[in-house]
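User: Hey, got a few minutes to walk me through this model? I'll jump around a bit.

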Amino acid sequence: MILRQVRDSPADAEAVREISAAAFSALTPGSGRLPTERENIFQLARTRHLAGTDPQGCWLAVQDGQPVGFALSARREGVWILSLTAVLPQYQGKGVGRLLLDRAAEHGRGCLRGMMTVSIDPAAARRYRKAGFTLYPTMRLSGPVDRSGLLDSGDIPVHPGNAGHLHLLDSVDRRLRGAAHGVDHELMLAHYDELLVVDTLAGSGYCYRDAGTVKLLAATSKRLAVRLLREALARVPEGADAKVEWLTAEQEWAVDVGLELGLTLENRGYLALRGLRPPVAYLPSGGLL
Ligand SMILES: CC(C)(COP(=O)(O)OP(=O)(O)OC[C@H]1O[C@@H](n2cnc3c(N)ncnc32)[C@H](O)[C@@H]1OP(=O)(O)O)[C@@H](O)C(=O)NCCC(=O)NCCS
């Protein structure tokens, strides 16, 4: 078994996609849920993005010439982000995940803070707790939006955002989690349906929406966060299910918005943090935190 850096190449991005598909479908056998074409395209682009920005944080485990596991991680202004890790089912439980995580974590050395979202795999929870992360159990909201609950849209203006708002987005993130997303916005702007921005004298915030999913939300107050979430859910296309993930108990404001709009609440996975508590007016994106 050798470990080598993930290259910014179509072949390595495809290897990561295949390992990930095999590992996650084994985690929920019989779910019949396959990644959509759009999700696959985003995943390929994200792997190449991270391999390009953080080659020392992205590692592939290779056995007899065949990739069998990977870890993708990034440093953003003093926060180490573990984006995704997976090992082919037949190679799991043999220490490959630990080797990959240890190597990726070297890239995060010197970072006072760390963030990752954790799947329902008990092996993942064990691995990350042993790496010093605090595990916050998370909830997920999903289902059709009850539009009768959306009649009062509030008086805070929300408008579409673009690359011209990057300074605002970075400022909000620095205040909430001590680090901007920086270059990751290029990827999100290119792939997600829309960016919504609030910028008032009382504070600022933003969120991304992709089809029914609210991907990332950050605001300088709970009031603005509620306004953004309601607006994003109002814009979920008719007939599409909404999804809001990775809510800890600190995000009760979001739980309440979801329940008010008829979404179903379930518990699922963890948010794993080191050196910070869950920022309150913040919903992480799955892979870029
Ligand atoms: C999580 C994952 C990457 C770990 O890789 P791996 O090669 O299996 O990891 P390791 O063998 O190094 O370590 C697994 C640890 O979990 C333990 N473990 C395995 N199955 C377990 C279970 N059902 N319950 C509790 N612990 C378990 C192992 O004993 C080992 O702990 P130890 O080293 O202290 O003995 C891999 O299992 C995987 O791909 N899972 C599916 C995808 C996924 O959930 N990825 C994580 C996304 S956040």
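Analyst: Sure. One term before we start: a polar contact here is a pair of N or O atoms within 3.5 Å, and within protein one must be able to donate a hydrogen and the other to accept it. Also keep in mind that this is a predicted model.

User: OK, so which side chain does D12 make a polar contact with?

Analyst: The side chain of R4, in a polar contact of 2.8 Å. The D12 side chain also has a polar atom 2.7 Å from the backbone nitrogen of R7.

User: Where does D12 lie? And is it buried or exposed?

Analyst: D12 is in helix α1. It counts as buried, because its relative accessibility is 5% and the cut-off for buried is under 20%.

User: What else does D12 touch, leaving out residues up to four places away in sequence?

Analyst: The list is R4, Q5, V6, R7 and L60. So R4 turns up both there and in the side-chain polar contact.

User: While we're on α1, what about A15? Buried or exposed?

Analyst: Buried, with a relative accessible area of 12%. A15 is found in helix α1 too. If you want a distance for it, A15 and A272 are 26 Å apart in space, C-alpha to C-alpha, with their positions 257 residues apart in sequence.

User: Switching to the ligand. How many residues surround it, and which are the closest?

Analyst: There are 24 residues around the ligand, and the closest are V87, G97, S119, D121 and R127.

User: Which elements supply at least two residues of that shell?

Analyst: α1 (10–27), β4 (79–87), α3 (96–107), β5 (113–118) and α4 (122–130) each do. The largest share, seven residues, comes from α4.

User: And how does the shell divide into nonpolar, polar and charged?

Analyst: Eleven are nonpolar, seven polar and six charged.

User: I care about the ligand's oxygens. What lies 2.8 Å from an oxygen atom there?

Analyst: A backbone N or O atom of V87 does. A polar backbone atom of G97 is also 2.8 Å from an oxygen atom of the ligand. From a side chain, an N or O atom of K130 is 3.0 Å from a ligand oxygen. As for cover, the ligand on its own has 950 Å² of accessible area, and the protein covers 75% of that.

User: New topic: cysteines. How many disulfides does the structure hold?

Analyst: Zero.

User: Why is C58 too far for a bond?

Analyst: Because the closest cysteine sulfur, in C111, is 14 Å from the sulfur of C58, while a disulfide needs the sulfur atoms within 2.5 Å.

User: Is C58 buried or exposed? And C207?

Analyst: C58 is buried, with a relative accessible area of 0%. C207 counts as buried as well, at 0% relative accessibility.

User: Where is C207 found, and what does it touch?

Analyst: C207 is in strand β9. Leaving out residues up to four places away in sequence, it touches E194, L195, L196, L216, L217, L228 and A232. As a further distance, the C-alpha atoms of C207 and L229 are separated by 7.7 Å, and those two are 22 residues apart along the chain.

User: Any backbone oddities I should look at?

Analyst: A couple of phi angles. Most residues other than glycine have a negative phi. D64 has a positive value, near 50°, and A211 also has a positive phi near 50°.

User: Where are those two placed?

Analyst: D64 sits in the loop between β2 (58–63) and β3 (66–76). A211 is in the loop between β9 (203–210) and β10 (213–219).

User: Are they buried or exposed?

Analyst: D64 counts as exposed, at 76% relative accessibility. A211 counts as partly exposed, at 32%.

User: Last one, A281. Is that loop residue buried or exposed?

Analyst: Buried, with a relative accessible area of 6%. The loop in question runs between β12 (264–274) and β13 (282–283).

User: What does A281 touch, apart from residues up to four places away in sequence?

Analyst: L176, L217, A218, A219, S221, K222, A225 and W253. L217 is also on the contact list of C207. By contrast, A281 and G269 are twelve residues apart along the chain, and their C-alpha atoms are separated by 20 Å.

Conventions:
Residues are numbered from 1 along each chain as its sequence is written. This is a predicted model: local features need pLDDT of at least 70, side-chain atom pairs count only at pLDDT 80 or more; totals for chains, interfaces and linings use all residues. Side-chain values use heavy atoms; hydrogens and water are left out. Helices (H or I, at least four residues) and strands (E, at least two) are DSSP runs, numbered from the N terminus. Buried means under 20% relative accessible area, exposed over 50%, partly exposed in between (1.4 Å probe, protein chains only). Contact means heavy atoms within 4.5 Å. A residue is near a molecule or strand if one of its heavy atoms lies within 4 Å of it. Accessible areas come from the Shrake-Rupley method with a 1.4 Å probe; for residues, only the protein chains shown count as cover. Ala, Val, Leu, Ile, Met, Phe, Trp, Tyr, Cys and Pro count as nonpolar, Asp, Glu, Lys and Arg as charged, and the others, Gly among them, as polar.
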